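Here are a few notes to read alongside the structure. Take them one at a time, with the viewer open, and find each part as you go.

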Amino acid sequence: TFRWQGFKLEEYLIGQPIGKGCSAAVYEATILLSSNYQSSEDSKPLEGKTPDTEWDHGSDIQAAEAKPIQTNQQRAAFPLAIKMMWNISAGSSSEAILSTMRQELVPASGSALSGEYGTVACHRRPVFGKKKLKPHPNIIQVIRAFTSSVPLLPGAYVDYPDVLPLSLNPSGIGHSRTLFLVMKNYPCTLRQYLNEKSSDAHLSTLMILQLLEGVDHLVRHGIAHRDLKSDNILVELDSAGCPWLVITDFGCCLADENIGLRLPFTSWYVDRGGNGCLMAPEVVTAVPGPGVLIDYSKADAWAVGAIAYEILGLCNPFYGQGRSSLESRSYQEDQLPALPDTVNFDVKQVVKMLLQRDPNKRLSARVAANVLHLSLWGENILVPKSLNLDKMIGWLLHQSAATLLMNGLVDRSRVETKMKTCFLANLEYEDLWEAAFLLLSWRNHSV
Ligand SMILES: Nc1ncnc2c1ncn2[C@@H]1O[C@H](COP(=O)(O)OP(=O)(O)O)[C@@H](O)[C@H]1O
Ligand SMILES: [Mg+2]
């Protein structure tokens with residue numbers, strides 16, 4: 001029934017705020033059953049129903065960033081999350097809003113925009129010259145996107161009074177209409193997850209691997225996220241209790257049909273993406289000029305290297321002030337903090353090679369992911385001198401059969417199975433051998 005539903009804000013019941021960033025507020029939500037919606041609509045012409053009308057000025061809702069991990073009960077009642085963009089510069093027409101905020105639509109599913117454009121699909125192309133992503137287990141899916149007028153939602157006067165429209169706040173500077181994105185409601189962000197859980201070596205490797213698979217998928221589509229950080233990664237647990245990571249918040253992404261991953265950097269006004277601390281060296285040190293291009297093809301992979309420190313239980317070396325913090329603009333590789341002895345040697349090497357200043361020496365997300373796949377599951381083929389094509393093919397066939405069986409017969413919701421499927425589905429001869437030879441060379445050196 002959801003197929004024809006959810007294209008209007010009035011169709012949702014909106015609960016409490018669950019997050020807030022620089023450009024939007026995110027609320028828990030659920031779709032109202034058609035019958036509820038019909039009957040309640042006559043009595044309440046308010047856009048975006050809220051279950052509690054007691055909230056008002058000075059409500060005691062906590063700052064969204066400090067929210068604890070949501071309970072399962074909360075998410076059962078509100079399985080969806082609605083991101084309400086703050087609109088201070090896009091004007092109030094739907095066309096202008098969708099065009100200005102089109103990066104947010106990159107992870108939208110094919111039917112997400114049918115409400116706005118279902119009948120006038122031909123308008124879509126010229127309005128959004130942006131690429132579309134195919135679904136991937138480690139990338140958020142935006143299931144509905146529509147514009148609507150801005151409702152007064154819980155916490156608005158406390159959390160974002162200035163961006164409200166005049167009708168709701170006489171000193172607000174927001175426009176009356178904005179973009180809404182509907183997604184699955186995830187229990188927490190990676191930052192929240194890591195604050196509460198101590199790291200386990202195997203799960204940490206799987207988490208880094210998932211980010212690399214997600215980034216590789218973006219690179220294959222000619223897209224750079226440009227704002228990877230632990231607040232922009234959502235987490236839920238799979239059926240085996242393994243954290244399942246999805247990359248979200250595409251508001252700063254580069255996804256241009258014409259230029260791909262090479263951004264002409266002609267003046268300081270050109271937007272290089274969000275999050276200055278985690279901007280790859282080649283991006284942060286670029287100097288604008290005629291003909292200058294910034295190549296983003298390994299920029300997100302660099303950010304994964306920095307986030308890996310957080311996943312492995314350390315502080316991100318590029319955050320914060322003080323002598324121990326590094327700047328991506330100026331650090332030298334030998335200043336990178338050592339990873340604990342408990343971290344697997346191959347993972348240490350991958351992190352080190354993702355944080356190479358020179359993109360030519362840096363691992364691509366694909367090769368880095370391959371290294372981790374081989375390190376996790378390919379131990380018995382990594383025998384020096386006897387590594388050969390036949391052995392590799394035998395191992396790949398074995399992995400393929402095991403993964404298909406696992407997926408079909410046992411449990412398709414396991415992160416491990418999903419990762420193996422990504423690996424096998426994206427195999428390329430050169431990338432695979434590069435990973436295998438890297439692993440062997442590290443082992444030879446360490447003996
Ligand atoms: N689908 C979701 N499920 C649960 N929480 C979410 C979801 N999407 C976003 N959030 C929360 O809202 C915060 C802000 O969302 P985000 O998309 O990053 O907005 P912004 O563009 O303003 O940074 C996130 O850091 C996270 O805490
Ligand atoms: Mg964000």
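1. Start with strands β1 and β2, the second of which covers residues 24-31: six bridges join the two, and they run antiparallel. A good spot to look at is Proline 17, which stands opposite tyrosine 27 in β2. If the word "antiparallel" is new to you, strands of a sheet pair through backbone hydrogen bonds, and the pairing can be either parallel or antiparallel.

2. Now widen the view. In what order do the five strands of the open sheet come? Going across, you meet β1-β2-β3-β5-β4, with antiparallel pairing. At the edges are β1 (12-20) and β4 (144-149), each of which pairs on one side only. From one strand to the next, the twist averages 30 degrees.

3. Please keep in mind that this is a predicted model. The average pLDDT of the chain is 88, and 88% of the residues score at least 70. Two stretches call for care. Residues 51-66 have a pLDDT below 50, and this stretch has 20 contacts in the model beyond near neighbours in sequence. Residues 119-127 are also below 50, with five contacts counted in that way. Where pLDDT is low, the predicted coordinates should not be read in detail.

4. Next, the chain as a whole. It holds 15 helices and ten strands, and 41% of its 447 residues are buried. Among contacts with a separation of 6 or more, 75% are between residues 24 or more positions apart.

5. Which residues touch the most other members of the largest nonpolar core? That core has 113 residues, and the ones to find are Tyr27, Ile82, Ala145, Ile208, Leu212, Val304 and Ala368. Both domain 1 (2-185) and domain 2 (191-446) give residues to this core, so it lies between them. You have already met tyrosine 27, the partner of proline 17.

6. Zoom in on alanine 368, a member of that core. Leaving out residues up to four places away in sequence, Alanine 368 touches Leu212, Ala301, Val350, Leu354 and Leu363. Leu212 is itself on the list of core residues in the previous point.

7. Finish with helix α14, residues 415-425. Its buried residues are Val415, Thr417, Lys418, Met419, Lys420, Cys422 and Phe423; notice that two lysines are among them. What covers these buried residues? The cover includes helices α8 (201-220), α12 (365-377) and α13 (389-410), together with strand β8 (243-247).

Definitions and conventions
Residues are numbered from 1 along each chain as its sequence is written. Chains are lettered from A and ligands numbered from 1 in the order in which they are written. This is a predicted model: local features need pLDDT of at least 70, side-chain atom pairs count only at pLDDT 80 or more; totals for chains, interfaces and linings use all residues. pLDDT is the predictor's confidence in each residue, from 0 to 100. Two residues are in contact if their C-beta atoms, placed from the backbone, lie within 7 Å. A nonpolar core is a set of buried Ala, Val, Leu, Ile, Met, Phe, Trp, Tyr and Cys residues joined through C-beta atoms within 7 Å. A residue is buried if 20 or more other C-beta atoms lie within 10 Å of its own, exposed if 12 or fewer, and partly exposed in between; C-beta atoms are placed from the backbone. Domain bounds come from an automatic or database domain assignment. Two strands pair if DSSP finds at least two bridges between them. Helices (H or I, at least four residues) and strands (E, at least two) are DSSP runs, numbered from the N terminus. Axes are lines fitted to C-alpha atoms, for helices over the stretch in contact, and angles run from 0 to 180 degrees between N-to-C directions.
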